[in-house]
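Work through the exercises below with the sequence and the structure open. Each task is followed by a solution in steps.

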Amino acid sequence: MQTISFYPGPSKVYPQVKTFMAEAMDSGLLSRNHRSPEFVALSQETVLLLKQKLNIPKNYSIFFTSSATECWEVLAESYLDAYSFHIYNGAFGEKWLNYRKKIRGNASGQRFHTQRQLGIKSLTIPEQSELICLTQCETSNSTQLKNKQIRKIKKQHTQALIAIDATSSMGGIELEWSYGDIWFASVQKCFGLPAGMALMVCSPRAIEKAQEMQHNLHYNSLLFMSEKMREWQTTYTPNVLSIFLLNRILKHVPDIQTTSTLLKSRASYMYQELQQAGFQALIHSKRLRADTVLAIKASPQQVTYIKNQALKAGFLLGNGYGTWKEITFRIANFPAHTDEEVHALLKFLKEEGKKCQ
Ligand SMILES: *Cc1c(COP(=O)(O)O)cnc(C)c1O
């Protein structure tokens, strides 16, 4: 019996990846140079597919990077002189701020309460902020920001660029691209692929700003990246296999509206079923809960017990993260998970839930 991973990344990989990997081998592409016409064609088509399937505006640029963590650095180094303000309520948002501060100290942040909606009025964003950083889905505590909230921040700060970490939601739920200038995500979450690559989606304004600032010291400065991407190329030898797999998966998946509707209704069904089984969601308010990552709160003993029993039954659950490490377990609700697998997991949890009471 193969274990089904409900870990919120790396998570279940689409089963079709096995065939696509073989196809990549047979194509000869993996031995080709990344300046070759074959690679360029793959890169161009993949960018096009991303725009079509995820409904990304035509005038936005897409870049291939190595990880979401790298994207944090790319932003810090490309907008080195821009004051960076970070709004967060969990471990990933906080990490991003800390990375930024280490590179250049012109950054600060405001933490908001995990159990309360981000109060736009309560934000004290420094006047000089040129980059406002948000985490759309905070994977560590299973909260998410609504498109509406992002829009409000954008409207009030028209001069600033809005950068959004959408690592555990891009490819899963519908994002309002025009409300953000820089969006990024790695592929081991909602894209259902092996880890080792990330995507960065940038508005024309984001590129213009990078050009104004002229920071070109690093191999992956936005400036250098956008120069190369004009020819559908990367600044370094990229993960060609991952780009190939992404290309094939994009051809296979439905458009984002369809996926988003499915994941949202499945998330509320999962929360409801779990509650009936006696489990308590870490986040009390339904309005704050993420659709793609669920966090369930229990005693440390219960968490350990459930995770072990789940493994025996063929399900890998996600550990808690950061502050919530011992007292939560997490469940990914990603597009690669089938309804059958989710039902099987819920059936298992319902039975175990009774024993835990
Ligand atoms: C997983 C995750 C990251 C880190 O992704 P890497 O690919 O490991 O760099 C960053 N931010 C969020 C919100 C995540 O969920």
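The model is predicted.

**Exercise 1. Ser142 and Asn55**

Task: Decide whether Ser142 is buried or exposed, and state where Ser142 lies.

Solution.
- Step 1. The cut-off for buried is under 20% relative accessible area.
- Step 2. Ser142 has a relative accessible area of 1%, so Ser142 is buried.
- Step 3. Ser142 lies in the loop that runs between β6 (137-138) and β7 (143-144).
- Step 4. The backbone of Ser142 has a positive phi of about 60 degrees, although Ser142 is not a glycine.

Task: Find the loop that holds Asn55, and assign Asn55 to an accessibility class.

Solution.
- Step 1. Asn55 is in the loop between α2 (37-54) and β2 (61-65).
- Step 2. Asn55, also not a glycine, has a positive phi of about 65 degrees.
- Step 3. The relative accessibility of Asn55 is 45%, and Asn55 therefore counts as partly exposed.

**Exercise 2. A cis peptide bond**

Task: State which residue is joined to Pro10 by a cis peptide bond, and place Pro10 in the chain.

Solution.
- Step 1. The cis peptide bond joins Gly9 and Pro10, with omega about -10 degrees.
- Step 2. Pro10 belongs to the loop between β1 (4-5) and α1 (17-27).

**Exercise 3. Helix α3**

Task: Work out how many residues of helix α3 (residues 68-78) are buried.

Solution.
- Step 1. The buried residues of α3 include Ala68, Cys71, Trp72, Val74, Leu75 and Ala76.
- Step 2. Glu70, Glu77 and Ser78 of α3 are buried as well.
- Step 3. The count is nine of the 11 residues, so helix α3 is largely enclosed by the rest of the structure.

**Exercise 4. Salt bridges**

Task: State how many salt bridges the model has, then examine the pairs formed by Arg32, Lys154 and Arg266.

Solution.
- Step 1. A pair qualifies when a side-chain nitrogen of Lys or Arg is within 4 Å of a carboxyl oxygen of Asp or Glu. The count by this rule is 12 salt bridges.
- Step 2. Arg32 pairs with Glu38, and their closest N and O atoms are 3.2 Å apart. Arg32 is partly exposed at 41% relative accessibility, and Glu38 is partly exposed at 33%.
- Step 3. Lys154 pairs with Asp181, with 3.4 Å between the closest N and O atoms. Lys154 lies in helix α5 and Asp181 in the loop between β8 (161-165) and β9 (182-186), so this pair ties together parts that are 27 residues apart in sequence.
- Step 4. Lys154 is buried at a relative accessible area of 19%, and Asp181 is buried at 3% relative accessibility.
- Step 5. Arg266 pairs with Asp339, and the closest N and O atoms are 2.9 Å apart. This pair links distant parts of the chain, with Arg266 in helix α9 (residues 256-276) and Asp339 in helix α11 (residues 339-356), 73 residues apart.
- Step 6. Arg266 is buried at 6% relative accessibility, whereas Asp339 is partly exposed at 33%.
- Step 7. Through salt bridges that share partners, Lys154, Asp181 and Arg205 form one network.

**Exercise 5. The positive patch**

Task: Identify which helix gives the largest share of the positive patch, and state where Arg287 is found.

Solution.
- Step 1. The surface patch of positive charge consists of Lys121, Lys146, Lys148, Arg151, Lys152, Lys155, Lys264 and Arg287.
- Step 2. Helix α5 (residues 147-156) gives the largest share, four residues.
- Step 3. Arg287 is in the loop between β11 (280-281) and β12 (293-297).
- Step 4. With a relative accessible area of 56%, Arg287 is exposed.

**Exercise 6. Glu340 and the annotated domain**

Task: Find how many residues apart Glu340 and Ser5 are in sequence, and how many Å apart in space.

Solution.
- Step 1. Glu340 is in helix α11 and is exposed, with a relative accessible area of 59%.
- Step 2. Glu340 and Ser5 are 335 residues apart in sequence, yet 14 Å apart in space, C-alpha to C-alpha.

Task: State which residues the UniProt domain annotation covers, and describe the helix and strand content of the span.

Solution.
- Step 1. In the unreviewed UniProt entry, the annotation "domain: Aminotransferase class V" covers residues 16-298.
- Step 2. Residues 16-298 are 41% helix and 17% strand.
- Step 3. The end C-alpha atoms of this span lie 35 Å apart.

Definitions and conventions
Residues are numbered from 1 along each chain as its sequence is written. This is a predicted model: local features need pLDDT of at least 70, side-chain atom pairs count only at pLDDT 80 or more; totals for chains, interfaces and linings use all residues. Side-chain values use heavy atoms; hydrogens and water are left out. UniProt positions are given in the numbering used here, feature names are shortened, and annotations may be inferred rather than shown by experiment. Helices (H or I, at least four residues) and strands (E, at least two) are DSSP runs, numbered from the N terminus. Patches are made of residues with over 30% relative accessible area and no salt bridge: like charges are joined within 9 Å, nonpolar side chains (Val, Leu, Ile, Met, Phe, Trp, Tyr) within 5 Å. Accessible areas come from the Shrake-Rupley method with a 1.4 Å probe; for residues, only the protein chains shown count as cover. Lys and Arg count as positive and Asp and Glu as negative; His and the chain ends are not counted. The place of a charge is taken as NZ of Lys, CZ of Arg, CG of Asp or CD of Glu. Buried means under 20% relative accessible area, exposed over 50%, partly exposed in between (1.4 Å probe, protein chains only).
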